[in-house]
Amino acid sequence: MTQSPARDRLRSVHAQARTTFLPAFLVTGLLTASPSAAQMQQEPAGPVVGPENGSLVVVGGAMESPEIYRRFIELAGGPDANLVMIPTAGGQDHYDHRYGGLTPWREHGARNITVLHTTDPEVADTEAFVEPLKTADGVFFFGGRQWRLVDAYGGTRAEEEIRRVLDRGGVVGGTSAGASIQGSFLVRGDTETNQVVVGDHQRGFGYLRGVGIDQHVLRRNRHFDFLEVWETHPDLLGIGLDEDTAIVVRGDRFEVIGRSYVLIYDPGTVTTGGGPFYFLSPGDAFDLGARRPMRPGSIMQSVPGLEPRDPGNP
């Protein structure tokens, strides 16, 4: 198949999206200290990990919590917002307005829903196909196999227009496979089985740069699986989401909502017992640029029980 101009443009964008991170040095205590003048001068002009505009809602699968539905709809602009739903990861040949995954969205108030689906990247690269995305306030990817999203939309006008939804302040979200696709590294992107963590598809859509996202982590006993990613991508930040749990991302900060836990895999941080990952619960927040977790109180506090990783003792 002849490569489209959109594919070439998107390759250039993703080649420039690599990000270098500073290690997070976490301290126990209240986060009240003012930054020094030197720190302020080194602050980046915009987010280094998350989107510059708009919001992300990244869900770990088995999405049921009304809070997650409500938050997405609110970020899109309310019940009358234009929502584009993409069920392609599910693997069926045809989807339309009768797709069962739309029912809970309607029950939670969404009134204007368009289903967008193809498995053909040539179709996804046409103006006619992307027309609904040009007026979309929110885009949501359903679950299934994340590599199907790459094969259908990677490097096409569709991928480009979804990113523009963020650029104009909209919201992009997804559950299960639709969560993993939002990282720059595609966890479980193998076409043969989802048990292969580093597979034959490794490029996600990169809404979170320098990040790999896993899902169903506690329900399916996957919480040690991300460590395999570090064998080939040792600087990558890992985010593992349990079922019916989400992170809501704006810029370089996210908050946890839903029913369970989010796991953080930071190569620069271990627990005081030497554990390679730690847990955030609903209400906790995380600074993606500084790789710093925070816990709510009268003011936000650092999460206890963490310390910088000793480079000599990985």
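Here are some notes on the fold, the cores, the aromatic pairs and two unusual backbone positions.

1. Start with confidence, since this is a predicted model. The average pLDDT for the protein is 88, and 85% of the residues reach at least 70. The stretch to treat separately is residues 1-40, where the pLDDT is below 50. That stretch still makes 60 contacts in the model beyond near neighbours in sequence.

2. On the overall make-up, the protein has 9 helices and 17 strands. Of its 314 residues, 52% are buried. Among contacts with a separation of 6 or more, 73% are between residues 24 or more positions apart.

3. Now the sheet. It is open, has 10 strands and mixed pairing, and reads β3-β2-β4-β5-β1-β9-β10-β14-β15-β16 across. At the edges sit β3 (112-115) and β16 (301-302), each of which pairs on one side only. If you want one pairing to look at, try β2 (residues 82-86) with β4 (residues 138-141): these two run parallel and are joined by 4 bridges. Leu83 has Gly138 in β4 as its bridge partner.

4. Which strands does helix α8 lie across? Helix α8 (residues 157-167) crosses β1 (55-59), β2, β4 and β5 (171-175), and runs at about 130° to β4.

5. There are two nonpolar cores worth a look. In soluble globular proteins, nonpolar side chains tend to be buried together. Here the largest nonpolar core has 47 residues, and Ile239 and Phe254 have the most contacts inside it. Beyond its neighbours within four places in sequence, Ile239 touches a list of residues including Leu208, Val211, Ile213, Ile247, Phe254, Val262, Ile264 and Leu288. Asp214 and Tyr265 are also among the contacts of Ile239. A second core is separate, with 20 residues, among them Val57, Ile73, Phe140 and Ala246.

6. I'd spend some time on the aromatics, as the structure holds 17 aromatic pairs. Take Tyr69 and Trp105: the ring centres are 4.9 Å apart and the planes sit at 75°, so this pair is edge-to-face. Tyr69 belongs to helix α3 (residues 66-76) and Trp105 to helix α4 (residues 103-107), so the pair ties together parts 36 residues apart in sequence. Both residues, Tyr69 and Trp105, are buried.

7. Tyr99 and Phe142 make another edge-to-face pair, at 5.1 Å centre to centre with 85° between the planes. This one links two loops: Tyr99 is in the loop between β2 and α4, and Phe142 is in the loop between β4 and α7 (146-153), so the pair ties together parts 43 residues apart in sequence. Are the two partners buried or partly exposed? Phe142 is buried, with a relative accessible area of 7%, while Tyr99 is partly exposed at 21%. Both pairs feed into one aromatic cluster, formed by Tyr69, Phe72, Tyr95, Tyr99, Trp105, Phe140 and Phe142.

8. Finally, check two backbone positions. Most residues other than glycine have a negative phi. Asp244 is not a glycine, yet its phi is positive, about 50°. Asp244 lies in the loop between β8 (237-241) and β9 (245-250), and is buried with a relative accessible area of 5%. Arg291, also not a glycine, has a positive phi of about 55°. The loop between β14 (285-287) and β15 (292-295) holds Arg291, which is buried with a relative accessible area of 4%.

Terms used:
Residues are numbered from 1 along each chain as its sequence is written. This is a predicted model: local features need pLDDT of at least 70, side-chain atom pairs count only at pLDDT 80 or more; totals for chains, interfaces and linings use all residues. Side-chain values use heavy atoms; hydrogens and water are left out. pLDDT is the predictor's confidence in each residue, from 0 to 100. Contact means heavy atoms within 4.5 Å. Two strands pair if DSSP finds at least two bridges between them. Axes are lines fitted to C-alpha atoms, for helices over the stretch in contact, and angles run from 0 to 180 degrees between N-to-C directions. A nonpolar core is a set of buried Ala, Val, Leu, Ile, Met, Phe, Trp, Tyr and Cys residues joined through side-chain atoms within 4.5 Å. Buried means under 20% relative accessible area, exposed over 50%, partly exposed in between (1.4 Å probe, protein chains only). Rings of Phe, Tyr and Trp (its six-membered ring) pair if their centres lie within 6.5 Å; planes under 30 degrees apart count as stacked, over 60 as edge-to-face and the rest as tilted.
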